[in-house]
Amino acid sequence: MTTTPVSLRRAVAADARPTADVWLRSFAAALPTVVRPHSDDEVRAYLRDVVLPRHETWVAEDAEAGIVGMMVLDGETLSQLYLDPDWRGHGLGDRFVALAKERVPGGLDLWAFQVNKPARRFYERQGFTAVEYTDGAGNEEREPDVRYVWRP
C-alpha cells in the first residue's frame with residue numbers, strides 16, 4: 001500500500017480491463033458463498049461493452065497501484081461499488097458514496113446481497129435504509145438481497 005493520494009475520476013474505455021479485475025477480486029473476497037453466473041471473461045466483456053459506454057462509471061486510481069476501486073451510477077441507482085480487497089478500510093467507499101450523493105442529490109437506491117453484512121453495515125452508516133428484502137428470485141445469482149434507499 002502506498003501513501004500517494006488516490007484520485008476519483010470518470011472511467012474511460014482503457015480502464016475496462018483493470019476495472020473488471022477490481023470487480024472480480026472484490027466479488028471473490030466479499031462474496032465467497034455467492035455463485036457467479038458469469039465467467040471472468042464475460043464479466044470483463046460486460047464492463048467493457050455495456051457498463052463503461054452506457055453508465056456513469058467512476059474509478060479510484062492510485063498513482064502506483066493503478067485502479068483500486070470502481071463505482072457505477074445508473075440514474076438514481078448506485079448499481080456497483082467495488083474496492084480492491086487490499087484497499088478496503090481506507091476511506092474510498094466513503095468518498096465514492098459522497099460523490100454519488102453529490103451527483104444524485106435527490107436520493108439514491110441500491111441492492112446488496114443479504115449475506116454481505118460488511119457492505120450492509122457500510123451503507124447503513126452512510127444513511128441508507130433497508131426498505132425491501134427478497135428471496136433472490138429477481139437477480140442472476142438467485143441470492144437473497146435487500147434494497148436500500150437514501151433520501152436527503
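**Exercise 1.** In which helix is K117 found?

*Solution.* In this predicted model, K117 is found in helix α4. To judge its surroundings, take its relative accessible area, which is 46%; since buried means under 20% and exposed means over 50%, K117 is partly exposed. As a last step, compare sequence with space: K117 and A30 are 87 residues apart in sequence, while their C-alpha atoms are 9.4 Å apart.

**Exercise 2.** Work out where N116 lies, whether N116 is buried or exposed, and what N116 is in contact with.

*Solution.* Begin with the place of N116, which is in the loop between β5 (108-113) and α4 (117-125). The relative accessible area of N116 is 12%, and because the cut-off for buried is under 20%, N116 counts as buried. Once its neighbours within four places in sequence are left aside, N116 is in contact with A30 and L31.

**Exercise 3.** Check the end-to-end spans of α1 and α2 against the spans expected at 1.5 Å a residue.

*Solution.* Helix α1 has 15 residues, which should span 21 Å, and the C-alpha atoms at its ends are 21 Å apart, so expectation and model agree. Helix α2 (residues 40-54) also has 15 residues and an expected span of 21 Å; its end C-alpha atoms are 20 Å apart, which again agrees. One further feature of α2 should be noted, namely a bend of about 35 degrees at L47.

**Exercise 4.** Describe how α1 and α2 cross, and name the residues that meet.

*Solution.* The axes of α1 and α2 come within 9 Å of each other and cross at roughly 125 degrees. An angle of 65 to 115 degrees would count as roughly perpendicular and one over 145 as roughly antiparallel, and the two helices are therefore oblique to each other. The crossing of α1 and α2 is right-handed. On the α1 side, the residues that take part are A16, R17, T19, A20, D21, W23 and L24, and they meet D40, V43, R44, L47, R48 and L52 in α2.

**Exercise 5.** Which residues of α1 and of α2 are buried, and what covers them?

*Solution.* In α1 the buried residues are A16, T19, A20, D21, V22, W23, L24, S26 and F27, and their cover includes α2, β2, β3, β4 and β5. In α2 the buried residues are V43, R44, L47, V50, V51 and L52, with a cover that includes α1 (16-30), β2 (56-62), β3 (66-74) and β4 (77-83). L47, where α2 bends, is thus among the buried residues of α2.

Conventions
Residues are numbered from 1 along each chain as its sequence is written. This is a predicted model: local features need pLDDT of at least 70, side-chain atom pairs count only at pLDDT 80 or more; totals for chains, interfaces and linings use all residues. Side-chain values use heavy atoms; hydrogens and water are left out. Helices (H or I, at least four residues) and strands (E, at least two) are DSSP runs, numbered from the N terminus. Buried means under 20% relative accessible area, exposed over 50%, partly exposed in between (1.4 Å probe, protein chains only). Contact means heavy atoms within 4.5 Å. The expected span of a helix is 1.5 Å times one less than its number of residues. The bend at a residue is the angle between axes fitted to the seven residues ending there and the seven starting there. Axes are lines fitted to C-alpha atoms, for helices over the stretch in contact, and angles run from 0 to 180 degrees between N-to-C directions. Angles under 35 degrees count as roughly parallel, over 145 as roughly antiparallel, 65 to 115 as roughly perpendicular and the rest as oblique. A crossing is left-handed if the near helix is turned anticlockwise from the far one by less than a right angle, and right-handed if clockwise.
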